Amino acid sequence: MSESSSQSQRKSFLGQLPLPSLRTANPGVDEPSDVAIVGVSEGASLSPTAALIDQQIGGAIARLLKAGKLSADEGETMLLAGPAEGGPKLVLVIGLGQLISDSQANRELAFRLTSQAIRGLVGKSHETFFVALAESFDASTHDMVVAGALYALEGLSIYRTKAVINVPQTIVFSAVDQDAVKRGETLGQSVNLARRLINEPASAIYPESFADIISELSVENGIDCQVWDETKLAEENCRSILAVGGGSERPPRLVIMRYNGGKQGDAPIALVGKGVTFDSGGLSLKPSDGMVDMKCDMGGAATVVATMNAIAKLGVKRNVVAVCGLAENMVSGSSYKLGDVIKTRSGKTIEILNTDAEGRVVLADALNVAISFEPSAMVDLATLTGACMVALGNEVAGLMANDQTVADQITAAAEAEGELVWPLPMHSLYDEKVKSKVADIKNVGEGRWGGAITAAKFLENFVESTPWVHLDIAGPAFSDSPKPHRDAGATGVYVKTLVRWIESL
């Protein structure tokens with residue numbers, strides 16, 4: 001067995017996230033635990049640990065499988081009593097379905113089913129889990145077994161007085177080497193970081209507090225961090241961010257993170273995140289039902305911050321710059337108004353026709369700051385439009401781009417991690433739909449039609465010739481309903497995709 005990969009001390013916001021001690025063990029180890037988790041797959045023999053436990057409990061697993069009482073169907077579970085003496089007190093058997101040779105496809109399966117198995121157990125207190133699912137998966141997926149285990153431990157109930165999720169003291173992973181544990185821990189914690197940031201209420205996460213958290217994380221990770229307050233934003237002519245945040249008592253911020261993992265002088269990758277920490281709609285006020293979850297409107301920025309946390313901890317050999325535009329879109333006498341014309345940092349002017357189309361206005365300045373670093377490629381993420389959810393549903397992000405090579409790279413990375421994106425067209429005919437009669441562009445298109453695309457076309461005005469991909473994550477970033485492998489609320493989606501994409505370069 002190896003020593004725990006967990007650091008003895010955690011600081012700042014990251015220290016609030018659940019992280020049990022993580023250990024490794026050899027397959028088939030007869031180790032005391034509260035619960036052992038084993039998988040069964042169609043047409044395959046029992047894994048070493050499952051076979052050992054089966055022997056200890058009188059052949060119950062094999063007997064139940066043969067009788068059709070225990071299913072190998074994907075996600076089917078059964079909880080069995082452990083052996084009378086020694087070994088685990090309980091045994092959770094989960095169906096893995098028909099495992100295929102494509103290890104990339106099985107990465108998503110390993111992540112999801114490990115999380116489901118543990119999520120089904122944490123309603124009660126257990127000190128130790130012995131997770132033997134990696135014995136059934138290719139080694140290239142083992143980091144996802146670890147990440148999935150941690151994913152199960154984070155949820156929406158962060159302010160419940162009685163714990164809904166009982167975090168175990170220790171998780172032991174069978175057949176997982178130490179490198180996979182370390183990588184899985186980093187990815188799982190980073191995804192959970194995004195989820196926690198998004199799930200926190202707007203009274204806790206607002207532009208200044210969010211910027212403070214980013215600064216603390218940057219210090220921990222050795223990342224250079226600059227925070228532009230309202231005075232610096234004015235000096236930098238970031239009038240669009242100032243306009244969106246003008247109605248709030250909490251002034252906006254822009255945060256720049258620079259991770260120098262590559263060669264000196266190499267052009268960086270740029271990540272840009274929309275960070276509207278609460279969106280009331282401004283003077284174009286949302287109805288109550290549409291406003292209740294608007295703490296999640298900083299999901300793009302949370303994803304970017306979590307990705308930077310991951311690549312720093314993994315020591316990725318690339319230069320990456322991240323820019324997050326942070327603002328509260330509130331209502332007061334100083335709110336920006338319909339009919340206003342804003343001169344952005346780039347010099348282009350925006351006519352405001354809807355103050356609830358504020359995310360793209362924030363991103364106008366953030367994108368301009370990002371391209372000043374002359375990146376080789378740039379991706380922005382934003383919970384931008386309901387129109388994208390109408391088009392693609394709640395599980396798929398819209399992908400719009402000015403460069404097919406980068407679009408293909410992001411799509412391939414998303415497919416490898418089981419995170420769904422789908423391309424939407426960026427034909428030049430859409431350019432006309434965001435042209436204004438009184439300014440260069442307007443912040444809404446023509447009515448309801450093609451709203452996700454016209455929003456992307458608006459953003460395209462601020463990227464110049466930089467190869468660029470826009471991900472509209474309004475649907476998949478936040479869920480009203482739980483699933484077997486995750487709680488309702490923030491999902492942390494696309495952190496793994498961005499890490500894989502950056503590493504692949």
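At what angle do helix α5 and helix α10 pack, and how far apart are their axes? In this predicted model, α5 (residues 178–199) and α10 (residues 299–314) pack at an angle of about 160°, and 8 Å separates their axes. Angles over 145 degrees count as roughly antiparallel, so α5 is roughly antiparallel to α10. The crossing of α5 past α10 is right-handed. Both numbers are worth having, as two packed helices are described by the angle between their axes and the distance between the axes.

**Salt bridges**

Let us turn to the charged side chains. Side chains of opposite charge can pair when their charged atoms come close. The structure holds 24 salt bridges, and three of them are set out here with their N to O distances.

| Basic residue | Acidic residue | N to O distance |
|---|---|---|
| Arg23 | Glu31 | 3.0 Å |
| Lys89 | Asp34 | 3.7 Å |
| Lys457 | Asp431 | 3.2 Å |

How do the two partners in each pair sit with respect to the surface? In the pair of Arg23 and Glu31, Arg23 is partly exposed at 22% relative accessibility, while Glu31 is buried at 9%. The cut-off for buried is under 20% relative accessible area, so Arg23, at 22%, counts as partly exposed.

Lys89 and Asp34 also meet in a salt bridge, with 3.7 Å from N to O. Lys89 belongs to strand β4 (residues 88–97) and Asp34 to strand β2 (residues 33–41), so this pair ties together parts that are 55 residues apart in sequence. Here Lys89 is exposed, at 56% relative accessibility, and Asp34 is buried, at 15%.

In the third pair, the closest N and O atoms of Lys457 and Asp431 are 3.2 Å apart. Lys457 sits in helix α14 (residues 451–460), and Asp431 in the loop between β15 (421–423) and β16 (441–442), so the bridge ties together parts that are 26 residues apart in sequence. In this case the lysine is the buried partner: Lys457 has 4% relative accessibility, whereas Asp431 is partly exposed at 30%.

Other charged residues are joined in a network: Arg107, Asp143, Arg183, Glu417, Arg500 and Glu503 are linked by salt bridges. One of these, Arg183, falls within the residue range of α5, 178–199.

**A covered helix and a buried strand residue**

How much of α14 is covered? Nine of its 10 residues are buried, so the helix is mostly covered by the under 20% cut-off. Among the buried residues are Gly451, Ala452, Ile453 and Phe458, along with Lys457, the partner of Asp431 in the salt bridge described above.

Leu471 is found in strand β17 (residues 468–472). Its relative accessible area is 0%, so Leu471 is buried. The C-alpha atom of Leu471 is separated by 10.0 Å from that of Gly273, although the two residues are 198 residues apart along the chain. Gly273 falls within the range of β9 (269–279).

**A nonpolar patch**

Which residues form a nonpolar patch on the surface? Leu283, Leu285, Val331 and Leu338 do, and together they have about 360 Å² of accessible area. One of them, Leu283, is placed in the loop between β9 (269–279) and α9 (288–291). Leu283 is partly exposed, with a relative accessible area of 42%. Patch residues need over 30% relative accessible area, so Leu283, at 42%, meets that requirement.

Notes
Residues numbered from 1 in each chain as written. Predicted model: local features only at pLDDT ≥ 70, side-chain atom pairs only at ≥ 80, totals over all residues. Heavy atoms only, no water. Patch = residues over 30% accessible without salt bridge, like charges linked within 9 Å, V, L, I, M, F, W, Y side chains within 5 Å. Areas by Shrake-Rupley, 256 points an atom, 1.4 Å probe, with all protein chains shown as cover. Salt bridge = Lys/Arg side-chain N within 4 Å of Asp/Glu carboxyl O. Helix = DSSP H or I, 4+ residues; strand = E, 2+ residues; numbered from the N terminus. Buried < 20%, exposed > 50% of the residue type's maximum accessible area, 1.4 Å probe, protein only. Axes fitted to C-alpha atoms, helices over the stretch in contact; angles between N-to-C directions. Parallel < 35°, antiparallel > 145°, perpendicular 65-115°, else oblique. Left-handed = near helix turned anticlockwise from the far one by under 90°.
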